[in-house]
Amino acid sequence: MHIDAHTHLDFFKENIEKAIEDINENEILTLANSMDIESYIKNKGYSKQSKFIKPCFGIHPWKAAEYKGSLENLISYIEESEIIGEIGLDYVWVEDISTYEAQRRIFNFILEESIKRNKYVSIHTKGAEEEIYNALKRNNYNKAIIHWYSGEISTLEKYIKLGCYFTVSVDIGYCDKANEVLDKIPLSKLLIETDGPTALEWVNGEYGYPSAIIDVAKKVSDYKKIELDDLLRSIEENYLKIIN
Ligand SMILES: [Zn+2]
């Protein structure tokens, strides 16, 4: 059994049917993260085509400034969604600093409402690693899946101490930073992900169908020098702790 703990199925656009077929054929349990409400509704639709797809509601930091509704309107989605994602802050890829206030407003609201409901949150921390760590720490909350971490190792160590989970992504085997992060993450907190078709494309030019997760697992198993089956079992155990 494969588990893709963070992807974006709506990014497949016209290739979505092929992507869902790939998920079903390879039996890939998939946490389908959302960018906004529209994206969440699409993910809920895809989940009707596959028992392996779990739609997750979130508003991505890239979409935060576009959200014009009231924060209260988000509560029903948070309540409905078993796992929350993608939420977070991005001070690197988002250069327009005028969006940062909106990012913080949405992130802090969804995080607080998720904490009240004891839900796991999948978090994008780009350039905001310390700020997000502080938000979790302040609430003494570790039900977080830190997605594709690429910040300072000293901050990573703080997240590890807090007891968060982490996803390693498609750049494993291509990027020293990914190896350095993987070195630190305890096996008992490790998950893997593909982050949609464009993430692998960004890394090596290949369009990333869901089964790219199999290659991520192999690369992690080679790098960690653990048997692939042992790694997959460990990832499954971690995932089960999250959904219980
Ligand atoms: Zn993502």
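## Two histidines and the core

H147 is found in strand β6, residues 144-147 (strands are DSSP E runs of at least two residues, numbered from the N terminus). This is a predicted model: local features need pLDDT of at least 70, side-chain atom pairs count only at pLDDT 80 or more, and totals for chains, interfaces and linings use all residues. Residues are numbered from 1 along each chain as its sequence is written, and side-chain values use heavy atoms, without hydrogens and water.

H124 lies in strand β5, residues 121-124. UniProt, in an unreviewed entry, places the feature "binding site" at H124 and H147; such annotations may be inferred rather than shown by experiment. The two span 24 residues in sequence, yet their C-alpha atoms are no more than 5.6 Å apart, so they gather at one spot.

Both are buried (under 20% relative accessible area, 1.4 Å probe, protein chains only). Their side chains each make a polar contact with the side chain of E86 (a pair of N or O atoms within 3.5 Å, one able to donate a hydrogen and the other to accept it).

| Residue | Relative accessible area | Polar contact with E86 |
|---|---|---|
| H124 | 8% | 2.9 Å |
| H147 | 5% | 3.3 Å |

H147 also touches H6, T167, E193 and D195, among others (contact means heavy atoms within 4.5 Å).

Now the core. The largest nonpolar core has 73 residues (buried Ala, Val, Leu, Ile, Met, Phe, Trp, Tyr and Cys joined through side-chain atoms within 4.5 Å). Helix α4, residues 100-116, gives the most to this core, with seven residues. I110 is among the residues with the most contacts inside the core.

Technical notes:
Buried means under 20% relative accessible area, exposed over 50%, partly exposed in between (1.4 Å probe, protein chains only). Helices (H or I, at least four residues) and strands (E, at least two) are DSSP runs, numbered from the N terminus. Lists of a residue's contacts leave out its neighbours within four places in sequence.
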